[in-house]
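I am starting a notebook on this structure. My entries follow the order in which I looked things up.

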Amino acid sequence: MRLVSCLAIIDHATGDRWLIDATPDLPEQLRLLDSVASPRPAGAPVVSGIFLTHAHIGHYTGLAQLGREVIGTNGIPAFAMPRMGEFLRGSGPWSQLVKLENIDVRPLADNTAVGLGGGLSITPLLVPHRDEFSETVGFRIDGPTRSALFIPDIDKWSKWDRSLADELASVDVAYLDGTFFRDGEIPGRDMSLIPHPFVEETVALLRDLHLNERAKVRFIHLNHTNPLLWDDDARREIEALGFRVAEQGEIIQLGEADR
């Protein structure tokens, strides 16, 4: 079963683990996390914190699993940009999580790193998106020797005030919005109303980069209509150019080799 896109950060030395986004698949993802992370110390929380990208349903609604009807957590740090934080505090049922102290909403600021200890840090990067209820951010994760970029949602790369090629050059792996493969993928809908960079557009933007740069890209956040999920020819097309589709459960070491 394919789960909704999210990312975990694990410090095997301390047992700390953090999530980027709380998806509707949070219970299954916590079980997956338990299978690959170091055992948690007795009495440790399910996660050390959650970093939220934005207020679209695939990215924060898993927070409901932390409430008293389910896990009943105590003070899990939920890191959020200003509008996202106000959304959680002011909108039910999320406000109940705050009131009952299941979560502790903590502030993020654009391009300002949050230290996680052990040589790890995470930095939110504002990106243009359909910001009905909150801002939208991607994250850069820096480890002792290697770095990763995680941008599951953005309208178009051309609308960003950063160069994707420059950002790609500064990291070792990049998980990028691959929601739709091409325009017209959803019959009967105006796809300009749900903007994302089509995989074809991202490939065209980056295809002249050195192969080593293209090989850093893993497409994520694939809609069920995206042929990369079920069409071997579509996947071979982008893999022939050096790009990849992220695999569920893949592990990137931020201090050693990948596996």
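Entry one. With which side chain does the side chain of H54 make a polar contact at 2.8 Å? I looked it up and found the side chain of T53. I note that the model is a predicted one.

Entry two. I checked H54 for another polar contact and found one between its side chain and the side chain of H56, at 3.2 Å.

Entry three. I located H54 in the loop that runs between β3 (49–51) and α2 (57–60).

Entry four. Is H54 buried or exposed? I count H54 as buried because its relative accessibility is 1%, and the cut-off for buried is under 20%.

Entry five. I then set aside the neighbours of H54 within four places in sequence and listed what else H54 contacts. The list holds D21, H59, Y60, M84, H129, S134, E135, T136 and D153.

Entry six. I turned to the sheet. It is open and has five strands in the order β1-β2-β3-β4-β5, with mixed pairing. I marked β1 (7–11) and β5 (103–107) as the edge strands, since each pairs on one side only. On average, neighbouring strands of this sheet are turned by 25° against each other, direction ignored.

Entry seven. I followed β1 to strand β2 (residues 16–20) and recorded antiparallel pairing over five bridges. Which residue in β2 is the bridge partner of L7? I found I20.

Entry eight. Last, I looked at what lies across β1 and β2, and noted helix α1 (residues 26–36). Helix α1 runs at about 145° to β2.

Methods:
Residues numbered from 1 in each chain as written. Predicted model: local features only at pLDDT ≥ 70, side-chain atom pairs only at ≥ 80, totals over all residues. Heavy atoms only, no water. Pairing = 2+ DSSP bridges. Helix = DSSP H or I, 4+ residues; strand = E, 2+ residues; numbered from the N terminus. Axes fitted to C-alpha atoms, helices over the stretch in contact; angles between N-to-C directions. Contact = heavy atoms within 4.5 Å. Buried < 20%, exposed > 50% of the residue type's maximum accessible area, 1.4 Å probe, protein only. Polar contact = N/O pair within 3.5 Å; in protein donor to acceptor, adjacent residues only side chain to side chain.
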